[in-house]
Amino acid sequence: MTGLSVVDLHAAHGRSPVLHGIDLTVPDGALACVLGPSGCGKSTLLRVLAGFHPAAAGQVVLHGRVLDDGRSPLAAERRGIGLVPQDGALFPHLSVAANIGFGLPRSQRRARVGELLDLVGLPGLGERRPHQLSGGQQQRVALARALAPRPRLLLLDEPFAALDAALRAELRREVAATLRQSGTTAVLVTHDQDEALSFADTVAVLRDGRIAQAGRPDELYHRPTDAAVARVLGEANLIPAEVTGARADTPFGPLALLGSAPAPRSGLALLRPGQLRLTAGPVEGAVPAKVLGSDFRGHDHRVELRPEAAGLPEVLIAASDRSWPVGGEAYVGAVGPVHVLSGA
Amino acid sequence: MTFPLDTDGPSPLRRWRATGVRALVAATRLRAPAATGLLAPLATAVVAVVAAPLGFVIAQAAQAGWDQTRRLLGRPLIATLLGHTLGLTAAVTLATAVLGFGAAYLVERTALPGRRAWTVALALPLAVPEFVRGYSWVSLFRSVHGYWGAVLVMTCSLYPLVFLPVAAALRHGDAAAEEVSRSLGRGRLATLCRVTLPLTRPALAGGVLLVSLYLLGEYGAFAMLRYTTFATAVFTQYKLGFDAASASLLTLVLVALALLLVGLEAWAGRRARVTRHGALARTAPPVRLGGWTVPALLALAALVGVSLGVPLYALAYWLLKGSSTTLPSASVLGATAATLGYALGAAVVATAAAVPVALYGWRRGTRPARAIERVAYLTRALPGIAVALSVVYVAVRWAQPLYQQPPMLIAGYVVLFFPLALTAVRAALAQVPPGVEEAARSLGTRPLAVLGRVTLPLVLPGLGAAVAMVGLTASTELTATLLLRPTGTQTLATQFWVYTSGLAYGAAAPYAALMVALSVPSVLLLTRRTLGRPGENQ
């Protein structure tokens, strides 16, 4: 069953158009993520969904109810869409309990507030004031407040951006678990690809006001439709390739094709850094390269290399489990299967 | 402020002195060694001088003796004055709160046409001094006087004091809280009452406090409208009866009321936290008014017409009608020169005195620093008449040769407008990026040189604005000027007062017009400082 469906949505700020025909479907109960750089229109999309920005054309439908058709948008307070803003935006004049109970009828407040405080892991903090909470706690309260009236859809606007890295990952997992547990359909907006890939069931890459590609996180990561999408989701080496049958011929030799999807006859093979193998001596299919830099990242080393062979990009990025001396020689090989993008 | 106390000191008095000084030295040594050690004593001394009138009023009232005190405070006059003052304060604060909030909401949160022009037009009534407004109504309509006249005139004069801070709070506050409220199913009206209004409460409380402090201290307008309050009674006691002791007693009641109000405001604003400002704050898309656009425009036009149009019309009318006086005409130029001379002199002194206090508070968030600043701000509760009487008291007791000499008037202005200067200097300091002083010090510059080469050049434009603000405000001061001016000197305000007391409205008009013209720049400055530059927060 379709939860949220957005069809050919256009929106503008004054005279300048921001969204040019967005199509997006989020199944009921799914967690979707809109990923894009700042200025791509993702915040505007969120605000159109929430009802704070009118659509210029197109349709927004939630559970069969038209929220906006470009002519008469439904008022935000009548949509039943929860919102978790970037900084939480807790009401500073209300206690935590009153914040969570804000959208509830008086009779349900007591029971539901306690339930939600437990759900977000803050039992007993109801009487605190927002300024007495840490950043992570504030975001949990903001989430509880948005979930309290059992919204049909929850919108999260970079809710973890202001937190430090460790807390961000932890809270992200918690929130995803909480949302799955409550069966809430949710749309998260972010510019952080790690967040998008780990949080969502569906990721939509937004670029210049259009959805460049949407799909499951692993599908997007391994099979992007173009080079830009490939790069938005993580570091990518794009190598010219000729396809024959189920095989791609590359400067690294023949590599197996990923899956059975039809591939173009010639294009660019996507090799993630983990698919490149570095060796000290020559092996079959390996290309000699000069090490430009080697950064330790904890779980591995990120190595930049300049290949000394024609037809390859100027810089290759590989992940290696050991450090390589800068200025030294290394041999780069590749392992398949690979995905081949059309075009150069 | 708690200082560590020695238990084995010689005598209580010397011990207190020693620990006090030691604590100040310790406080300064804590963060900024060497030359800035002067700052703390300097700031303390300035604030002590500025807060002194409070002590003098008490000292003088004490001279009245117990019997006289009882007789005076027991008189029905006190009850009447209290009734008058409280009744007026209640009505005017309510009216200004409603008008100020309503106007601010329309200008900042709705898609009203011409919002920027409306903002200026709504703030400009501040440029018309209360007594000039009183004059413009009284001279045009004989029926405007007494309680309702006072309510009308003071509401028109003072609502911008609520309008400006509330508009600033609405402009700079984060709209996300309001959007969340809407997303939780609360409509516009419920959001307004349950989120917007509580979030602007500190601004509203601050504005209403200013309004009520002005009401307590105002003399000219009430005298003109023939409405007696504490301030007018004090003035009459002092001027007619030359009864300094009972005047001081009444002043003391007045000051007590003012301090009570400051306390109330602190209590009202106590639970409110600062709303989020800066990068994360987002302005809300304006509310479309639809069919309400025309009524809203009409309401704003009526407000501006009554509060700005009427005084301007009255001034134009009397200017064109010409001199209707039989009194000898005085020189407008002479009065202007005297006014500007005294006002600018006082402004320079007040700003210079505010610099160490502001610097001390800005550099250190320590408790003594905060306490000293708070005491300085507390003096804004002192009505002009109380300041004037205390300056007179000091002059008569200890500085007889200065009595009715220029320094007396300057001193009165400095004490009266010190909080204003302090606010302006603090605003200027807020523009200095944090850490530049430390950066300069780390490059080997001595503290005094840092002040001269880094801090002062950065705040110089702000100090200029502070001088202008204080000077222009002082140039329309009436109450203290009437009591403190040197014999034979007339400022614009006092000359205006002489003419209007003789019902020579035409002759008074040029003085009134000049005072309004002089006030306009400071009002524009205040508007910009309160709201930020247009479009700054887009």
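Select A:Arg207 and A:Arg210. The two are bridge partners, with A:Arg210 lying in S10(A). Keep in mind that this is a predicted model.

Now widen the selection to the strands around that pair. Strand S9 of chain A covers residues 202-207. S9 and S10(A) run antiparallel, joined by 5 bridges. In general, strands of a sheet pair through backbone hydrogen bonds, either parallel or antiparallel.

**The sheet**

Add the remaining strands. The sheet is open and has 6 strands in chain A. Step across in the order S6-S7-S8-S3-S9-S10. The pairing is mixed.

Stop at the two ends. Which strands stand at the edges? They are S6 (81-84) and S10 (210-215) of chain A. Each has a single partner strand, so one side of each is left without a neighbour in the sheet. Look along the strands next: neighbours are turned by 20° against each other on average, direction ignored.

**Helices on the sheet**

Select residues 42-50 of chain A. This is helix H1, and it packs on the sheet. Which strands does H1 touch? Show S3 (31-35), S6, S7 (153-157), S8 (185-190) and S9 of chain A, for H1 touches each of these. The direction of H1 makes about 150° with that of S7(A).

Move to residues 135-147 of chain A. Here helix H4 lies across S6 and S7 of chain A. H4 runs at about 170° to S6(A).

**Chain A as a whole**

Zoom out to all of chain A. Count along the chain: there are 8 helices and 20 strands. The C-alpha atoms fill a box of roughly 75 × 45 × 35 Å along the principal axes. Of the 344 residues in chain A, 44% are buried. Among contacts with a separation of 6 or more, 66% link residues 24 or more positions apart.

Colour by domain. Domain 1 takes in 2-80 + 151-222 of chain A, and domain 2 takes in 235-342. How many Å separate their centres? Taken over C-alpha atoms, the centres of domain 1 and domain 2 of chain A are 34 Å apart.

**Where chain B meets chain A**

Bring in chain B. At the meeting point, 22 residues of chain B are in contact with 19 residues of chain A. Select 176-183 and 188-199 of chain B: these are helices H9 and H10, and each supplies at least two residues of the side that touches chain A. H9(B) gives the largest share of that side, 7 residues. Finish by colouring the side of chain B that touches chain A by class: 10 residues are nonpolar, 5 polar and 7 charged.

Notes: Residues numbered from 1 in each chain as written. Chains lettered and ligands numbered in written order. Predicted model: local features only at pLDDT ≥ 70, side-chain atom pairs only at ≥ 80, totals over all residues. Helix = DSSP H or I, 4+ residues; strand = E, 2+ residues; numbered from the N terminus. Buried ≥ 20, exposed ≤ 12 C-beta atoms within 10 Å, placed from the backbone. Contact = placed C-beta atoms within 7 Å. Domains from an automatic or database assignment. Pairing = 2+ DSSP bridges. Axes fitted to C-alpha atoms, helices over the stretch in contact; angles between N-to-C directions. Nonpolar A, V, L, I, M, F, W, Y, C, P; charged D, E, K, R; others polar.
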